[in-house]
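Visitor: Please take me through one part of this model at close range: the surroundings of the ligand. I would like to hear about the contacts, and then about the elements that frame them.

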Amino acid sequence: MTQKHTRVIAIYPGSFDPITNGHLDVIERGSRLFDRLIVSVLRNEAKAPLFSVQERMEMLAETVRPFPNVEVDSFHGLLADYALAKNAGVILRGIRAISDYENELQMALMNRRLQPGLETAFLLAGEAFSFISSRLVKEVIGLGGNITGLVPPLVEQRLRERFKSKQELQEK
Ligand code: PNS
């Protein structure tokens with residue numbers, strides 16, 4: 001009997017301002033589950049990000065380089081429309097704690113309503129990553145704390161540079 005294998009394309013959407021080791025864990029595990037994984041940055045003018053979409057995509061691209069089936073993109077508008085345009089059948093999201101669940105449930109159900117057949121797959125964050133968020137990483141480094149091991153080394157470098165230039169601006 002021949003086995004039919006449909007190629008599964010998944011989208012991992014997010015703000016990624018910037019990518020953390022928690023995101024990287026989801027990407028690494030997702031790359032083993034799906035044939036193609038598109039990590040996509042939301043272009044949202046309403047938010048005031050630390051890094052531009054371009055900068056976030058550069059850091060992501062550098063970080064996902066070891067995974068040949070992972071690519072980096074950006075999107076705006078409805079995620080469900082973007083998934084359809086990319087032929088993706090799955091949205092991938094990571095869940096760290098119960099507090100993430102409520103919002104993720106709402107988004108998954110809304111996306112399924114907008115695009116019936118579009119599934120959201122959740123990966124539980126590895127316990128070493130369950131407390132990491134981009135927001136906290138920025139807060140800690142902004143206050144002079146140590147973030148080594150929480151983000152990829154190249155991101156740590158970019159964060160240091162960004163906060164150094166912010167500080168220099170404030171001192172002027
Ligand atoms: O990393 P984040 O900020 O938690 O990611 C949130 C994201 C980008 C997944 C979410 O804001 C999103 O999908 N926005 C696109 C707009 C949309 O489709 N909204 C309606 C369905 S929930």
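Guide: Gladly! Let's begin at the backbone of L79, where a polar atom lies 2.8 Å from an oxygen atom of the ligand. Please keep in mind that this is a predicted model. Side chains join in as well: an N or O atom in the side chain of S15 is 2.6 Å from a ligand oxygen, and R93 places a polar side-chain atom 3.0 Å from an oxygen atom of the ligand. As for how much of the ligand is covered, its area when taken alone is 550 Å², and the protein buries 72% of that.

Now widen the view to the whole shell. The residues around the ligand are P13, G14, S15, L42, K47, F75, G77, L78, L79, R93, M107 and N111. Sorted by class, 6 of the shell residues are nonpolar, 4 are polar and 2 are charged. Two of the elements that contribute are strand 1 and helix 4, each of which supplies at least two residues of the shell.

Let's follow strand 1 through P13, since this residue belongs both to that strand and to the ligand's surroundings. Is P13 buried or exposed? P13 has a relative accessible area of 5%, under the 20% cut-off, so it counts as buried. Across from P13, in strand 2, stands S40. The C-alpha atom of P13 is 8.1 Å from that of I38, although 25 residues separate the two along the chain.

The pairing of P13 with S40 is part of a parallel arrangement in which strand 1 and strand 2 share 6 bridges. To get from strand 1 to strand 2, the chain passes through helix 1, residues 21–33, in a right-handed β-α-β crossover. Strand 2 itself covers residues 36–42, and because 5 of its 7 residues are buried, it is largely enclosed by the rest of the structure.

On we go from S40, which stands opposite D73 in strand 3. Strand 2 and strand 3, the latter spanning residues 70–75, run parallel and are joined by 6 bridges. Here the connection goes through helix 2, residues 53–63, and this β-α-β crossover is right-handed too.

Back at strand 1, turn to its pairing with strand 4. Strand 1 spans residues 9–14 and strand 4 spans residues 90–95; the two run parallel, with 2 bridges between them. One of the pairs is A10 with V90 of strand 4. From V90 you can step onward again, as its bridge partner in strand 5 is E119. Strand 4 and strand 5 (residues 119–124) are parallel as well, joined by 6 bridges. Helix 4, residues 98–114, completes the picture by forming a right-handed β-α-β unit with these two strands. This is the helix that, like strand 1, gives at least two residues to the ligand's shell.

Before we leave, there is some unusual backbone geometry to visit. Most residues other than glycine have a negative phi, and most peptide bonds are trans. The loop between strand 1 and helix 1 holds F16, which has a positive phi of about 50 degrees without being a glycine. With a relative accessibility of 3%, F16 counts as buried. P18 sits in that loop between strand 1 and helix 1 too, and the peptide bond joining D17 to P18 is cis, with omega at about 0 degrees.

P18 has a polar partner as well: its backbone oxygen lies 2.8 Å from a polar side-chain atom of S134. S134 is part of helix 5, residues 134–142, and counts as buried at 13% relative accessibility.

For a contrast with F16, look at the loop between helix 3 (79–85) and strand 4, where N87 is found. N87, another residue that is not a glycine, has a positive phi near 65 degrees. N87, however, is exposed, with a relative accessible area of 65%, whereas F16 is buried at 3%.

Terms used
Residues are numbered from 1 along each chain as its sequence is written. This is a predicted model: local features need pLDDT of at least 70, side-chain atom pairs count only at pLDDT 80 or more; totals for chains, interfaces and linings use all residues. Side-chain values use heavy atoms; hydrogens and water are left out. Two strands pair if DSSP finds at least two bridges between them. Helices (H or I, at least four residues) and strands (E, at least two) are DSSP runs, numbered from the N terminus. A crossover is right-handed if, with the strands pointing away from the viewer, the path from the first strand over the helix to the second runs clockwise. A residue is near a molecule or strand if one of its heavy atoms lies within 4 Å of it. A polar contact is a pair of N or O atoms within 3.5 Å; within protein, one must be able to donate a hydrogen and the other to accept it, and residues adjacent in sequence count only if both atoms are side-chain atoms. Accessible areas come from the Shrake-Rupley method with a 1.4 Å probe; for residues, only the protein chains shown count as cover. Ala, Val, Leu, Ile, Met, Phe, Trp, Tyr, Cys and Pro count as nonpolar, Asp, Glu, Lys and Arg as charged, and the others, Gly among them, as polar. Buried means under 20% relative accessible area, exposed over 50%, partly exposed in between (1.4 Å probe, protein chains only).
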